[in-house]
Amino acid sequence: MSAVSSVASPVPAELSPRIAARGIDVLVLAAMDVGLGQLIGYGFDWLLLGSALVLAYFTLLDAAAGTTPGKLALGLRVVGPDGGRPSLKQALIREAFTLVGSIPVLGPLLALAVWTWIAKTIRSSPLRQGKHDRLAGGTRVVRVR
């Protein structure tokens with residue numbers, strides 16, 4: 001297999017390692033969020049800044065590197081429809097669902113519903129694309145090892 005064909009047809013990442021990678025990233029973000037809360041207090045400003053931090057973390061890392069620490073640890077990468085890194089716009093659209101959990105009171109329940117929906121769409125797609133990937137123009141999470 002040539003290098004070109006292996007790049008053009010990477011192996012889609014299954015749901016389990018994607019969830020594990022997200023879990024690693026959540027631990028990193030939780031530590032950052034606690035530190036932020038200790039600096040500015042745990043009020044409404046913390047909620048807004050923490051939400052922006054989560055969105056920026058996933059969006060900027062996906063666009064700039066194609067991976068986050070969690071994805072990197074598990075040999076995963078986000079690719080755009082052309083097989084390269086997703087654009088900033090694609091990464092932002094792909095990760096916008098992370099803001100749902102920030103909604104006061106109902107956020108955690110809504111986030112659980114969104115996560116369930118995304119997981120279902122990942123499992124039903126031959127390319128393992130979730131609805132968030134399709135909304136972002138066809139991004140995918142692939143294995144790199």
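Select W115 to start: leaving aside residues up to four places away in sequence, W115 touches R22 and F97, where contact means heavy atoms within 4.5 Å. This is a predicted model, in which local features need pLDDT of at least 70 and side-chain atom pairs count only at pLDDT 80 or more, while totals for chains, interfaces and linings use all residues. Residues are numbered from 1 along each chain as its sequence is written, and side-chain values use heavy atoms, with hydrogens and water left out.

Keep W115 selected and colour by accessibility. W115 counts as partly exposed because its relative accessibility is 36%; buried means under 20% relative accessible area, exposed over 50%, and partly exposed in between (1.4 Å probe, protein chains only).

Next, add V54. The C-alpha atoms of V54 and W115 are 16 Å apart, with the two positions 61 residues apart along the chain.

Widen the selection to residues 107–124, which form helix α6, the helix that holds W115. Helices (H or I, at least four residues) and strands (E, at least two) are DSSP runs, numbered from the N terminus.

Now show the whole protein chain as a cartoon. There are seven helices and two strands, in the order α-α-α-α-β-α-α-α-β from the N terminus. The C-alpha trace spans about 55 × 25 × 25 Å along its principal axes.

Return to the accessibility colouring for the full chain: 37% of the 145 residues count as buried.

Finally, display contacts across the protein chain. Of those between residues at least 6 apart in sequence, 62% join residues at least 24 apart.
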